[in-house]
Amino acid sequence: MSKRYPFLSLKAANEPYEAELKQAVTSVIDSGWYLHGQQSEQLEQEIAALCQVKHCIAVSNGLDALRLILRSYIEMGRLRRGDKVVVPGNTFVASVLAVSDNGLEPVLCDIDPVTMNMDSRCLERLVTPEVKALMPVHLYGTPCWDERLVEIAQTHGLIVIEDNAQAIGATAAVDGMNGTRITGGLGHAAGISFYPTKNLGALGDAGAVTTNDDTLAATVRALASYGSDRRYHNIYRGLNCRIDEMQAAMLRVKLRHLDEENARRDAIASAYNEAIKSENVIVPARLAGLRQVWHQYVIRVRNGRDAFRERLEQMGVGTDIHYATPPHKQPCYSDLLHSELPVTEQLADEIVSLPIAHPITVDDARAIAGIINQL
């Protein structure tokens, strides 16, 4: 049975661009060139311009983007296997997988209850001589960036790798290390996901690495193509992490509409924040001085989250949880060393994602808020 207010419909999300997408697909088919072509090159140029960086390397998915960055730093001698990387406790497991997959040790940092991102106030006590990198995750579309994080990174000479899987087009309240404030250009490198549910989503898997570092960019590009710097010349024991021309072409179509999509989500988030009056619900903060792009709209339910979701389901409102089980509670990371993560664990029991993606409108958000206020 279909819901009146579905959590997400990818069909509805792509309908506004259907004609452009089909034209893009046809152009790729007609070109006869399906990998390493003009679509990929132009997408890289356009993403680099958006993130205000020198280099973008389009790759197979967001996890591979992060894996390739870390592997490249190892190949460059900037990281060694066994080094530690600080990652927020509240994130999708891919952030941690990228670290452990490279023989590095994840160190989990608790989160700020307001931003739901890595709490930079907890960083100082976590940074030991073994910690060589930080991975701020711009979760739900809110930039994880402040002066304290930058100061700690610079004081200790840490590599800063942004997990920008959910915040393309967002801007921080303070300057990044390269002068820009846009996510993807704040740190030394960033990984982007173009998973279909993202604000800028492919029609399959795709991702990208962004950076201003010439050596890192060249290393990532080589590693992503079997470790080769030219045909049949393998300088690394590489991987196959290429984007294909079809996904690149469709992403270029949707990139033209990214500002519109981010503005649409912002308007829906504003409508929710203004209309939700339930004392049992804490709405996400709209933070001054930065731009949030609302990949997810995540509320906190003080009591009875399961019953709350069931009632909404009965009223035709789809919901989800991002993420009910944090990485350190996953079976595969039962041995993961971490300090106490009280805020991460509390939020994991309270958070609920309300519909914000297509086909939800501002009027729908007000109607959903009205339903919530009656529960």
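**Pockets, cavities and strands: how the labels are earned**

Me: In the largest pocket, 35 residues form the lining, and Phe92, Ser193, Tyr195, Lys198 and Tyr323 lie nearest its centre. What makes a residue part of a lining?

Reply: The model is predicted. A residue counts as lining if one of its atoms is within 4 Å of a point of the space. In the largest pocket, 35 residues pass that test, so these 35 are its lining.

Me: Which elements supply at least two residues each to the lining of the largest pocket?

Reply: α4 (62-75), α5 (94-100) and β6 (189-193) do. The volume of this pocket is about 550 Å³.

Me: How do the residues of that lining divide by class?

Reply: There are 19 nonpolar, eleven polar and five charged residues. Tyr counts as nonpolar and Lys as charged. Therefore Tyr195 and Tyr323, both near the centre, go with the nonpolar residues, and Lys198 goes with the charged ones.

Me: What is known of the second largest pocket, and which residues lie nearest its centre?

Reply: Its volume is about 300 Å³. Among its 16 lining residues, His36, Glu44, Ile57, Arg221 and Ser225 lie nearest the centre. α3 (38-51), β1 (55-59), α8 (214-224) and β8 (228-230) each give at least two residues to the lining. The largest share, four residues, is from α8. By class, the lining has seven nonpolar, four polar and five charged residues.

Me: Why is a space called a cavity and not a pocket?

Reply: A 1.4 Å probe fits in a cavity but cannot get out, whereas a pocket is open. Two cavities of 30 Å³ or more turn up in the whole structure. The largest holds about 130 Å³. Its lining has 16 residues, and Ala13, Lys198, Asn199, Lys254 and Glu261 are the closest to its centre. α1 (10-14) and α10 (258-275) are the elements that give two or more residues to it.

Me: What sorts of residue line each cavity?

Reply: Around the largest cavity there are seven nonpolar, five polar and four charged residues. The second largest cavity holds about 110 Å³. Thr115, Thr142, Pro284, Gln292 and Trp294 are the closest to its centre, out of 13 lining residues. By class, that lining has nine nonpolar, four polar and no charged residues.

Me: How do you know that β2 and β4 pair?

Reply: Pairing needs at least two bridges. Three bridges join β2 (residues 84-88) to β4 (residues 131-134), so the two strands pair, and they run parallel. Val86 stands opposite Leu134 in β4.

Me: What makes β4 and β5 a pair?

Reply: Two bridges join β4 to β5 (residues 159-163), which satisfies the requirement of at least two. These strands also run parallel. The bridge partner of Ala133 is Ile159 in β5.

Me: Why is the unit built from β4, α7 and β5 called right-handed?

Reply: The term applies if the path from the first strand over the helix to the second runs clockwise, with the strands pointing away from the viewer. β4, helix α7 (residues 147-156) and β5 form a β-α-β unit of that hand.

Me: Why is Arg300 called buried?

Reply: Buried means under 20% relative accessible area. Arg300 has 10%, so it is buried. Arg300 sits in strand β11 (residues 297-301).

Me: What makes the pairing of the Arg300 and Glu350 side chains a polar contact?

Reply: The cut-off for such N or O atoms is within 3.5 Å. The two side chains come to 2.9 Å, so the distance passes.

Methods. Residues numbered from 1 in each chain as written. Predicted model: local features only at pLDDT ≥ 70, side-chain atom pairs only at ≥ 80, totals over all residues. Heavy atoms only, no water. 1 Å grid on protein atoms, 1.4 Å probe; cavity = no way out; pocket = protein on both sides within 12 Å on 5 of 7 lines; lining within 4 Å. Points joined across faces, edges and corners; volume = space filled by probe spheres on them. Buried < 20%, exposed > 50% of the residue type's maximum accessible area, 1.4 Å probe, protein only. Polar contact = N/O pair within 3.5 Å; in protein donor to acceptor, adjacent residues only side chain to side chain.
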